[in-house]
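Subject: Structure for you, with notes

Hello,

Here is the structure I promised to send. Please open it first, then read the notes below it.

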Amino acid sequence: MTAREPVARPSIRPDLAAMSGYHSPQVTVDVRLNTNESPVGPPPEFVERVAANAKEILWHRYPDRSARMLRAAIGDAVGHPASGIYCANGSNEVLQNLLMTYAGAGRTTLTFEPTYALHSHLSRTTGSTVVSVDRGDDFVLSLAAAQDAVATHAPAVTFLCSPNNPTGVLEPPSTVTGVLEAVEAVGGLLIVDEAYGEFAPWSAAELIGEGRSLVVVKTYSKTWAMAGVRLGYMIGPDWLVGEMDAVTLPYHLDSMKQAMGVAALDYADAMAERVNAIKAERLRVSERLTDMKCHVWPSAANFILFRPPEHAPADVWQKLVDRSVLIRDTSSWNGLEGCLRVTIGASDENSVFLEAMADILERL
Ligand SMILES: *Cc1c(COP(=O)(O)O)cnc(C)c1O
């Protein structure tokens, strides 16, 4: 290869030039409680079944393009017809494909901050204009303020995240229903991101119907302990799933992933046990943090947002890393001054975190 300067280097899209990618610091530690994954992998029987599947797959053939078996299996599991299920490589890809179909250049999306950063990020990378409205005190969304924002900006796509990442706060049915009515009045689409829905007491999926402009997005990454597989899905009206065909890459879901998605659903009982264990640990961690005079937000997810008392959060975060515990420093995020987020891990991991916290807060 000869080294030479190109005559003119390609220039990045001007609207992307100022953006940075999505980053979550990965530090090597003993206790990793920073990215809301499951602390344990799927059951061993599942892994054996996947190994058996690998021998049956026709590796030289393209996969089933419309993932019929997977969509039928998910439909069965969630009580919805397969025609209203859409799958992609992680729920992030579901969100991106929704935005490519319903938002994009010349259209607006609406987010209520603080929330999952990818909602505004993917809106921008797909060329949409983002309008962000702040949540009220304690990160609770006021229905009147939300309806007002929808009526004012007439967004093509409105995002809710319930339970919300990074706050853990759950939207009640009255808020989702009220926002949906406002969204439908302006001809928009409401996306409810339920990545943590299995840890919560209710799901907006019960509001979905052919006559409604609502989709609920879910993932295998958290409850199903399959973040490494990259599989997410959406429940929505049939007509909408049909329209997403226009942007979906042919054969985007590989054969192995489709088989893994089907197999996982046979271990729903094992997963429900894990969810219950995490919910019990969530209570224990939140009570201990409250005892330590941390401000703890009520969480319906597998993580807890909290504010340590009178201490620089970055300091607490670093001292945890020094003790080989990694949590998420959210204190520089808009609206989250002073806050840290901890994923609920296995019981012994949570104990290590809590002991480290007690030690740090005593010494600081
Ligand atoms: C973790 C998370 C996701 C999951 O994304 P995948 O691409 O399915 O791994 C989606 N939404 C929110 C709010 C999350 O926190």
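Start with two tyrosines: Tyr220 and Tyr233 are both buried. Keep in mind that this is a predicted model.

**Aromatic pairs**

Tyr220 and Tyr233 also pair with each other. Their ring centres are 6.0 Å apart, and the planes meet at 70°. That makes the pair edge-to-face. Tyr220 sits in the loop between β7 (214-219) and β8 (232-235). Tyr233 is in strand β8 itself. The two residues are 13 apart in sequence, and the pair links distant parts of the chain. Trp224 joins them: Tyr220, Trp224 and Tyr233 make up one aromatic cluster.

How many aromatic pairs does the structure hold? There are seven. One more of them deserves a look, Phe139 with Trp297. The ring centres of Phe139 and Trp297 lie 5.2 Å apart with the planes at 45°, so this pair is tilted. Phe139 belongs to the loop between β4 (129-134) and α6 (143-153). Trp297 belongs to the loop between β9 (295-296) and β10 (303-307). The pair therefore ties together parts that are 158 residues apart in sequence. Phe139 is buried, at 9% relative accessible area. Trp297 is buried too, at 5%.

**Charges over rings**

Two arginines are worth checking on screen. Arg65 lies over the face of Tyr251, 5.7 Å from the ring centre. Arg341 does the like with Phe303, at 5.5 Å from the ring centre.

**Helix α2**

Next, look at α2, which covers residues 44-56. The helix has 13 residues. From first C-alpha to last, α2 reaches 19 Å, close to the 18 Å expected at 1.5 Å a residue.

Which residues of α2 are buried? Phe46, Val50 and Asn53 are. Viewed down the helix axis, the buried residues of α2 fall within an arc of 60°, so they line one face. The spacing follows a general rule. An α-helix has 3.6 residues a turn, so residues three or four places apart point the same way. What do the buried residues of α2 pack against? Their partner is α9 (255-264). On the other side of α2, Pro44, Glu48 and Lys55 are exposed.

**Where to look**

For a quick tour, take the tilted pair of Phe139 and Trp297. Then go to the cluster of Tyr220, Trp224 and Tyr233. Finish where the buried residues of α2 pack against α9.

Best wishes

Methods:
Residues numbered from 1 in each chain as written. Predicted model: local features only at pLDDT ≥ 70, side-chain atom pairs only at ≥ 80, totals over all residues. Heavy atoms only, no water. Phe/Tyr/Trp six-rings, centres within 6.5 Å; stacked < 30°, edge-to-face > 60°. Helix = DSSP H or I, 4+ residues; strand = E, 2+ residues; numbered from the N terminus. Buried < 20%, exposed > 50% of the residue type's maximum accessible area, 1.4 Å probe, protein only. Lys NZ or Arg CZ within 6 Å of the ring centre and 35° of its normal. Expected span 1.5 Å × (residues − 1). Arc of directions from axis to C-beta. Contact = heavy atoms within 4.5 Å.
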